[in-house]
Amino acid sequence: MQNRMIRKVAVLGSGIMGSRIACHMANIGVSSVLLDIVPRELNDVEKKKGLTLEDKVVRNRMVNESLQSTLKSNPSPIFSRSFADRITTGNFEDDMEQIADCDWIIEVVVERLDIKKTIFDQVEKYRKKGTLISSNTSGIPINLMLEGRSDDFVKHFLGTHFFNPPRYLPLLEIIPTPHTDASVVDFFMKYGDKYLGKQTVLCKDTPAFIANRIGIFSIMSLFHSIKDFDLTVEEIDKLTGPVIGRPKSATFRTCDVVGLDTLVHVANGLNKAVQDPEEKKVFALPEFINTMMENKWLGSKTGQGFYKKVKSADGKSEILSLNLNTMEYGPQQKTNFATLEQTKTIDDLSDRYKVLCAGKDKAGAFYRKSFSALFAYVSHRIPEISDDIFRIDQGMRAGFGWSHGPFQIWDALGIERGLKIMEAEGYEAAKWVHEMVASGAKKFYDVRDAALHHYDISGKKHKPTPGLEGMIILDHIRSTKTVWENNECNVSDLGDGILNIEFRSKMNTMGSGVLSGINKGIELAEKDFRGVVIGNQGTNFSVGANLMMVFMMAVEQEYDELNFAIKYFQDTMMRARYSNVPVVVAPHSMSLGGGCELSLHADAVQAAGETYMGLVEFGVGVIPGGGGTKELTRRSAIRYVKGDIELNALRENFYRIAMAKVSTSAVEAFEHGYLVRGRDRISMNKDRQIADAKQLAIAISEQGYTMPVKEKFKVLGQQALGMFEVGIHQMLEGKYISEYEVKMARKLANVMAGGDLSEPTEVSEQYLLDLEREAFLSLCTEKNTLERIQHMLQTGKPLRN
C-alpha cells in the first residue's frame, strides 16, 4: 500500500461547510487552497472603488467573504485565528491549477449533480494521478458522480461526509463506491480517526447514508406522533434532552438551530429515495411543518421557529413556544412528569432507560412508543445501510450527540424486554433479532478480555469491534484492571507499568475522595509502577473543586477544617509535581479551577484538542487556592528573558486569573501559558487520549525520569503591587469590575507580588502557597463570596455584583 501523507488539501466550495472544513484542516496543521466561483457582477462597494470584474479582489470576493464570515462565527471553527494563514483562497477560473500539488481534493459545492460534474470536469484537467478525491455530499448518491470520469479518478474517489460544524461534531462518514480502491478506503478510515480526530464510520451508498437516515427518521417519527401524546413543544424537549443522553437542545431547539429548511430538504430527499410505502409515510411532512415552511418560521435564521424570542412589556427577553394545535406562540409551560422525577437520583444512563420505559404517565407512554419505533427501524435497516450494528450506534453518537446509540439503548433495556414493549406498541423487530435471541445471545454488545465485542449478524456470534485498536476505553478495563478505588476515584492498571487515576465523582469535581485517589495512585506507582496518567472519559475532565464542601464549611464557620481542606488540595497538587514517577495529566473539555491547577503541576500534559482550560475561581468570589495562583506567578518569573520587562508576564497572568480567562481550545491553552510548548501534547481524537497519555508517560520514564528539584523564584513585591493597583483602578473606572471584585483583585495582587516586600525577593513555592491559602480563607469569610458560591451551586452560573 502506498505510504500516503496529506500535506495540502484543495477544498472546492467555500460555503458553510467548505470554509469550515478548510479551517479544521488548518487546526491539524494542514494547509489548504479554498476555491469558489467568480462573481458575475460588481457590488455597490466595488462600483464606488472603480473596480472591474477582472480585478483579483473582485474575482475572489465570494471565497474571501465566505471565509471571513466563517472565521467570525461563534463558536469558532478554528483553534487559533493565526491558523487562518494556512488557508489560501482563489477561484475556479484562475486558480484550479493549484490543485495539482494537493494530496486530497474535496468537493463541497451546492447539492446539484450537474454542478458537481462540471467541477469534476475541471478537476480532471489538473489533478495529478493518484491524488485522493472525495465529495462531501449529504444526499446525492456517490455512484452517480462517476459518469464520464477517468479510471484513476474512479479508483481514488469516494464520499467523505463531514457533519456541521466539522470542528465540533466528530462524525466523518466514509462512503466508497464499488470501484473505490480498498487501500483508499482504509486510508480515510485511519486518517480521519488519527489525524482529523473523527469517529470514522464506513457507510453504504444509500439514501442519507447512516446518521442522517436514522436521525431524521427519529425526528420525523416524533413529528407524526406528537399530537397523539398531547405533548407540548417544550415537554418534548424536556423528554428528549439530557435525561436520555441527548444534547440540551433536544429535538425542537435543535431544529431551530439547524434550520427547519435543512431538515425538510433531507426529509423530502428521503421521501423520494426510499421504496417502502410505510417508510415513505414517515418522511412525508406533517401539516404543521408545511405551515411553518410557508410562514418562513425556519428557526434562528428567521427569528422564529418552534421557539420565538420576544421582548416583554417590561423590556425583558422572553422565549415563547409554538402551540402546534393553534399554530400560535405563547408562554412556555412548566414541565412536570412523575417518571422524570424518579430518575433524578439515577446517574447511570443505562439504568435510567429502564425506569423511563416503565413510567405510568404520558412520559412513560412516550418513551415506550418512540423507542419501539426506533428499535424496529434500525433493526430493519440492516443490511440495507450497514452490515454492522456498531456502525449505526457510532454514527448516532458522533453525528447527533447521542450518549447511547439505538442498539446500546436496547441493550440497556434488555433485548427481550425491548421486544415485548415493541409488540405491545405494534412494532416488529427484524427477523435477525429474533434469531439472535433464540440462539441464546442476551446482548448486542459484550466486553470480553477488556475489549468490546458486538453481535455479528452474518456470523451469528459476537466478535471484536474493529476500529478500537490502540485505544484504551476505561469502561472496558475497569472491571478487570482496578487496583484501588473509592466512591469518587478509580485507579486502574493500563499495562506496561503505567497506572491511570480516574475521577468518578459528580461532574468530576475534586473533593476529598478524588484527592485521596490521586495520592494513593501516586503512592502505588512509586512502589510498583513507572508512571501515572490522570485521565477520565467523562463529559468533562473536571469542573474544579467541590464547591458544596467549601460552602458548607464557610457557612458553618469551620475555618480550621476549611484551612486543612485547602492545604490538602495544595499538598496533592505538589505531590503530583514532586513524585518519583512521571505524572501525565490528560485534560479534555471543561478543565476548570482545580482541573486546570492539576494540569499546571503535571510533569507533562496530553490535552484533547477540545480542552477549555482556565482558573475561574474569581467567578465564585475567591482566588485560585489549589496552587494555581502560585503556579502562574512562578511561571511569570521563569518566563522572564533578559531585555524584557519583568512585569509584562506577571501582568498577563494577573488578568488571566482576574478575568477568569478560559481557553477555547488546547492550542489557545498554550497561548495562555496553561500548557507548555515543547513539553505538552495534543490528541485530536479524544478516544485515543488515554492511550496517547500512557505512551507519553512511558517515554518520559524511559528517558530517565528524576523528580524535579525544588527551586526558588523571584517575586517583585511593592513594584508589582503598584502595577496591579493601577490596573485594578482602571478596571473599576471602566466598570469591568465591582467594588467587591476590587477587594478580590487586591487579595490576588498581594499573593502574586509575594506580599508587601520592599524589593524583589527569591521565595519558595510553599511561601506563595501559604499566602494563596490565607487569601482564599479570608475571602471565604465574606458574605459576598458566600452569595456567589451559593448562586453558582443553584444556577451553574457566576454572579456579578
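Met548 sits in helix 23, which covers residues 547-555. Keep in mind that this is a predicted model. How exposed is Met548? Its relative accessibility is 42%, so Met548 counts as partly exposed. Together with Met552 and Leu793, Met548 makes a nonpolar surface patch of about 250 Å².

Next, a residue in a loop. Thr240 lies between helix 9, residues 233-239, and helix 10, residues 252-258. Is Thr240 buried or exposed? Thr240 is buried, because its relative accessibility is 5% and the cut-off for buried is under 20%.

What does the side chain of Thr240 reach? One partner is the backbone oxygen of Ile236, at 2.7 Å. Another is the side chain of Thr251, which is joined to the side chain of Thr240 by a polar contact of 2.9 Å. If we leave out residues up to four places away in sequence, Thr240 touches Leu222, Arg246, Ala250, Thr251 and Phe366. So Thr251 appears in that list of contacts and also as a polar partner.

Now a second loop. Glu617 is placed between strand 22, residues 611-614, and helix 26, residues 628-639. Glu617 is buried as well, with a relative accessible area of 11%. Which residues is Glu617 in contact with, once neighbours within four places in sequence are set aside? They are Gly593, Gly594, Glu597, Val622, Ile623 and Pro624. Take Gly593 from that list. In sequence, Gly593 and Glu617 are 24 residues apart, while their C-alpha atoms are 6.2 Å apart in space.

Last, the cysteines. A disulfide is a covalent bond between the sulfur atoms of two cysteines. How many disulfides does the model have? The count is zero, with a cut-off of 2.5 Å between the two sulfur atoms.

Cys780 shows the reasoning for one case. Why does Cys780 have no bond to the closest cysteine sulfur? That sulfur belongs to Cys596 and is 19 Å from the sulfur of Cys780, which is too far for a bond. Cys780 is also buried, at 0% relative accessibility. Cys255 is another buried cysteine, with a relative accessibility of 4%.

To recap: Met548 is partly exposed and belongs to a nonpolar surface patch. Thr240 is buried, and its side chain has a polar contact with that of Thr251. Glu617 is buried and is in contact with Gly593, among others. The disulfide count is zero.

How values were computed: Residues numbered from 1 in each chain as written. Predicted model: local features only at pLDDT ≥ 70, side-chain atom pairs only at ≥ 80, totals over all residues. Heavy atoms only, no water. Helix = DSSP H or I, 4+ residues; strand = E, 2+ residues; numbered from the N terminus. Buried < 20%, exposed > 50% of the residue type's maximum accessible area, 1.4 Å probe, protein only. Contact = heavy atoms within 4.5 Å. Patch = residues over 30% accessible without salt bridge, like charges linked within 9 Å, V, L, I, M, F, W, Y side chains within 5 Å. Areas by Shrake-Rupley, 256 points an atom, 1.4 Å probe, with all protein chains shown as cover. Salt bridge = Lys/Arg side-chain N within 4 Å of Asp/Glu carboxyl O. Polar contact = N/O pair within 3.5 Å; in protein donor to acceptor, adjacent residues only side chain to side chain.
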